[in-house]
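Open the model in your viewer and keep the sequence panel beside it. We will go from the whole chain to single residues, one selection at a time.

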Amino acid sequence: GASLEDNPILREMVRRPGALRREHFVVLLSQRFATNDAMTAFVKSVDQIVNITDIANFKPVVRRGVAQHHDLYMPFQETLKAAQAR
């Protein structure tokens, strides 16, 4: 029920260091923003947006988003772990 600016979960996620933040997948449920609006998701510091009118498709939409997130950040995480092991 909180506004985006006052949302304690989102506020905590934004405060986390980048490497730790990339280990999470944050979905914003919204009445105002379109599902899969990547630019707004970036601006709001979330990984994906799902409009509540698309809630019936929540599972496949988020599954696809998580797969894209994994494909994007997996090489980064592997490189980071390899560098830390040295």
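Start by selecting Asp 37. Asp 37 sits in the loop between E1 and H3. Helices (H or I, at least four residues) and strands (E, at least two) are DSSP runs, numbered from the N terminus. Why does Asp 37 count as partly exposed? Because its relative accessible area is 26%, and the class runs between buried (under 20%) and exposed (over 50%), with a 1.4 Å probe and protein chains only. Now add Asp 47, ten residues away along the chain. The two C-alpha atoms are separated by 9.9 Å.

A word on what you are viewing. This is a predicted model, in which local features need pLDDT of at least 70, side-chain atom pairs count only at pLDDT 80 or more, and totals for chains, interfaces and linings use all residues. Residues are numbered from 1 along each chain as its sequence is written, and side-chain values use heavy atoms, with hydrogens and water left out.

**Zoom out: the whole chain**

Show the chain as a cartoon. Look for four helices and two strands. From start to end, the order is α-α-β-α-β-α. The C-alpha trace spans about 50 × 30 × 20 Å along its principal axes.

Color by burial next. Of the 86 residues, 23% are buried. Then turn on the surface. About 6300 Å² is exposed, and carbon and sulfur atoms supply 57% of that area. Accessible areas come from the Shrake-Rupley method with a 1.4 Å probe; for residues, only the protein chains shown count as cover.

**Stop 1: the nonpolar patch**

Select Leu 29, Ile 52 and Ile 55. Together they make a nonpolar surface patch of about 260 Å². Patches are made of residues with over 30% relative accessible area and no salt bridge (a side-chain nitrogen of Lys or Arg within 4 Å of a carboxyl oxygen of Asp or Glu). Like charges are joined within 9 Å, and nonpolar side chains (Val, Leu, Ile, Met, Phe, Trp, Tyr) within 5 Å. Leu 29 belongs to strand E1, residues 27-30. It is partly exposed, because its relative accessibility is 47%.

**Stop 2: Val 46**

Move to the loop between helix H3 (38-43) and strand E2 (48-51), where Val 46 lies. Is Val 46 buried or exposed? It counts as buried, because its relative accessibility is 8%.

Which residues touch it, leaving aside neighbours within four places in sequence? Val 46 is in contact (heavy atoms within 4.5 Å) with Leu 10, Arg 21, Val 26, Leu 28 and Ala 41. Pick Leu 28 from that list. It is 18 residues from Val 46 along the chain, and their C-alpha atoms are separated by 6.6 Å.

**Stop 3: two positive phi angles**

Step back to Ser 45, in the loop between H3 and E2. Its phi is near 65°, a positive value in a residue other than glycine. Ser 45 is partly exposed, at 28% relative accessible area.

Jump to Asn 36, in the loop between E1 and H3. Phi of Asn 36 is also positive, near 65°. Asn 36 is partly exposed, with a relative accessible area of 42%.

**Last stop: Thr 53**

Find Thr 53 in the loop between E2 and helix H4 (58-85). Thr 53 counts as exposed, because its relative accessibility is 67%. Finish by drawing a line from Thr 53 to Arg 15. They are 38 residues apart in sequence, and 30 Å apart in space, C-alpha to C-alpha.
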